[in-house]
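User: I would like to go through this entry by question and answer, keeping to what the coordinates support.
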Amino acid sequence: MSEFILEMKNIGKSFSGVSVLRNINLGLVKGEVHALLGENGAGKSTLIKIISGFHPTEKTAQIILDGKRVAFKKPKDALDASIHTIYQELTLCPDMTVAENIVIDKQDRFKGVLQHKKQYNKIARDVLNRMEQKDIRVNAMVRTLSIAQQQVVEIAKAIASDAKVILMDEPTSSISQEDADELMNIIRHLRDQGVTIIYISHRLHEIDGIADRISVLRDGDLVGTVNNKDVTENDLINMMVGRQLKDMFPKRDIKLGDVVLSVKDLESEKTFKNVSFEVHKGEIFGIGGLVGAKRTEVLEALYGLRKITGGQIELNGKKFVPRNPINAMKHKIAFVTEDRKKSGLVLCLSVMENLNMINAQEKTPLGTLSWKKLMGKAKKQQDSLDIRIFTLKQIVDTLSGGNQQKVALGKWMEFKPDILLFDEPTRGIDIGAKTEIYNIMGELAAAGTAIIMVSSELPELISMADNIMVMREGVMKGVLNRSEATQEAVMTLAALKD
Ligand SMILES: Nc1ncnc2c1ncn2[C@@H]1O[C@H](COP(=O)(O)OP(=O)(O)OP(=O)(O)O)[C@@H](O)[C@H]1O
Ligand SMILES: [Mg+2]
């Protein structure tokens, strides 16, 4: 009998003849948390998709579960083998109750037309109790739960089906720190009950807190598997990027220009009020705060996506009321949103089309679009942002997170915004790509663009921003300049009650 509950041998994957995973050999010990690390595009999600049956097992590959060789043709095969996946995008049914969602995979046990509500509820309650989640009501509609709670339900669903292996692909990328901490507790708890977990995250401190072992992928190869206790964060970074990273936050020495944007007592319905700040040419202006501080909402108001009910905005010294995004764009304002998949990109279109999304709207003299010209423009952005793709015709949905973010930003480059609204610039992005995004921000600022950045990552906020406004629950708590901005100072303001 092998020491592994799940063993993968010679796993590989190619897309259209391009190999993205090669000869991966990996064993999971029962009851361990096994972290998968690697830069964007390293192949982590692809590996998960193979183990979860999303990509069929190739003939040359071997997956051995509990000593038996298995081959998956579809996700259900993996589910039937007790391998469950928690994706970033949750897959619950919003208009069913917590209990119904938890038992949905076991429906065939409840034969007949009668609803077995009591039974459902009992199963659900037992599982949630086992996970020490007493706050979630089994009768509640899933729609009414927070994202973090939905994630808990998703895990409960796996437990209810006696999952032996749970695969988690960046589960904390869209929840608050507090919820992430709670998730870590749940994971430890599951591990203690003998569940094996594969955990993907770009947050190294998280990995350090829960992983027993760590495997690192680089460009489709398995660099190695190590015990967490034997390595430092730096060792892991070196394994991931294959080089020493020098400055995470590139130094910028830019003299700020004139005031471009001045906001006074801005208010939007019941969302936020009394927000006042100034942003200069070439400045990176940060907005910090906890989840629910209404930071994104301020950006939305500036972009004409939210009704302004009080206060004033001056743009280059003139009164400005952003009526809608087209109007904001006419005033040279760009917006890179927090959720690139939902609002930043058109996932089903190519990189080329996405990169031209903004400038293709500019009319050519003849009123036509030249394919060759568009290709040329896209190629220029691809090179200058170092977007790593096989071809510009590649569909954006198939790109890794970091490369998607570069496309979301790249489509604005030709537009040369005066003001760039940048919401969570590096969410879900690896360490190497992060530095690249910071470099691009620095270059934009040097060229005179004013960047207004919302960020939940304190090191990023503090190192990148010239000035930082901190908000809490729709109220501005203060503005800190570079010399005042420490993590403590930001956090103190972020938690400051009225
Ligand atoms: N369906 C697909 N078609 C073509 N290429 C794909 C497809 N899915 C993934 N790829 C490519 O495979 C490579 C690995 O992607 P994968 O999503 O596994 O990376 P990742 O390590 O999960 O990155 P990230 O940290 O950004 O999520 C990337 O180059 C990606 O563009
Ligand atoms: Mg991924």
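User: Is Asp 265 buried, partly exposed or exposed?
Analyst: The model is a predicted one. Asp 265 sits in strand E11, residues 259–268. Its relative accessible area is 44%, and the class between under 20% and over 50% is the one that applies, so Asp 265 is partly exposed.

User: What distance separates the C-alpha atoms of Asp 265 and Ile 313?
Analyst: Along the chain, Asp 265 and Ile 313 are 48 residues apart. In space, their C-alpha atoms are separated by 8.9 Å.

User: Strand E11 also holds Leu 261. Is Leu 261 buried or exposed?
Analyst: Buried requires under 20% relative accessible area. Leu 261 has 2% relative accessibility, and therefore Leu 261 counts as buried.

User: How far apart in space are Leu 261 and Thr 60?
Analyst: In sequence, Leu 261 and Thr 60 are 201 residues apart. From C-alpha to C-alpha, the distance between Leu 261 and Thr 60 is 60 Å.

User: Which residues form the negative surface patch?
Analyst: One of the residues in the patch is Glu 132, which lies in the loop between helix H4 (117–130) and helix H5 (147–160). Glu 132 counts as exposed because its relative accessibility is 54%. The full patch consists of Glu 132, Asp 135, Glu 178, Asp 181 and Glu 182.

User: What span does H5 reach from its first C-alpha to its last?
Analyst: H5 has 14 residues. At 1.5 Å a residue the expected span is 20 Å, and the value in the model is close to that, at 20 Å.

User: How many of the 14 residues of H5 are buried?
Analyst: The buried residues of H5 include Ala 148, Val 152, Ile 155 and Ile 159. Polar or charged names are also among them, including Gln 150, Gln 151, Glu 154 and Lys 157. H5 is largely enclosed by the rest of the structure, because the buried residues number twelve of the 14.

User: What is the phi of Glu 170?
Analyst: Glu 170 is in the loop between strand E7 (165–169) and helix H6 (177–192). With a relative accessible area of 12%, Glu 170 is buried. Its phi is positive, in a residue other than glycine, and lies near 50 degrees.

User: What is the phi of Asn 316, and where is Asn 316 placed?
Analyst: Asn 316 falls in the loop between strand E14 (310–315) and strand E15 (318–319). Asn 316 is partly exposed, at 47% relative accessible area. Although it is not a glycine, Asn 316 has a positive phi of about 45 degrees.

User: Which residue meets Lys 164 in a salt bridge?
Analyst: The N to O distance of the pair is 3.2 Å. The pair links distant parts of the chain, 98 residues apart: Lys 164 is in the loop between H5 and E7, and its partner is in the loop between strand E4 (62–65) and strand E5 (68–70). Lys 164 is partly exposed at 33% relative accessibility, and the partner also counts as partly exposed at 33%. That partner is Asp 66.

User: How many residues apart in sequence are the parts tied together by Arg 191 and Asp 212?
Analyst: The side chains of Arg 191 and Asp 212 meet in a salt bridge at 3.1 Å, N to O. Arg 191 lies in helix H6, and Asp 212 in the loop between helix H7 (204–210) and strand E9 (213–218). Arg 191 counts as buried at 19%, whereas Asp 212 is partly exposed at 30%. The parts tied together are 21 residues apart.

User: Which residues are linked in a network of salt bridges with Glu 436?
Analyst: Glu 436 pairs with Lys 406, their closest N and O atoms being 2.3 Å apart. Glu 436 lies in helix H15 and Lys 406 in helix H14 (residues 401–410), so the pair ties together parts 30 residues apart in sequence. Lys 406 counts as buried at 2% relative accessibility. The residues linked with Glu 436 in the network are Asp 386, Arg 388 and Lys 406.

User: How many of the 16 residues of H15 are buried?
Analyst: Helix H15 covers residues 431–446 and reaches 23 Å, close to the 22 Å expected. Its buried residues include Ile 431, Tyr 438, Met 441 and Leu 444. H15 is mostly covered, and the buried count is twelve.

Key. Residues are numbered from 1 along each chain as its sequence is written. Chains are lettered from A and ligands numbered from 1 in the order in which they are written. This is a predicted model: local features need pLDDT of at least 70, side-chain atom pairs count only at pLDDT 80 or more; totals for chains, interfaces and linings use all residues. Side-chain values use heavy atoms; hydrogens and water are left out. Patches are made of residues with over 30% relative accessible area and no salt bridge: like charges are joined within 9 Å, nonpolar side chains (Val, Leu, Ile, Met, Phe, Trp, Tyr) within 5 Å. Accessible areas come from the Shrake-Rupley method with a 1.4 Å probe; for residues, only the protein chains shown count as cover. A salt bridge is a side-chain nitrogen of Lys or Arg within 4 Å of a carboxyl oxygen of Asp or Glu. Lys and Arg count as positive and Asp and Glu as negative; His and the chain ends are not counted. The place of a charge is taken as NZ of Lys, CZ of Arg, CG of Asp or CD of Glu. Helices (H or I, at least four residues) and strands (E, at least two) are DSSP runs, numbered from the N terminus. Buried means under 20% relative accessible area, exposed over 50%, partly exposed in between (1.4 Å probe, protein chains only). The expected span of a helix is 1.5 Å times one less than its number of residues.
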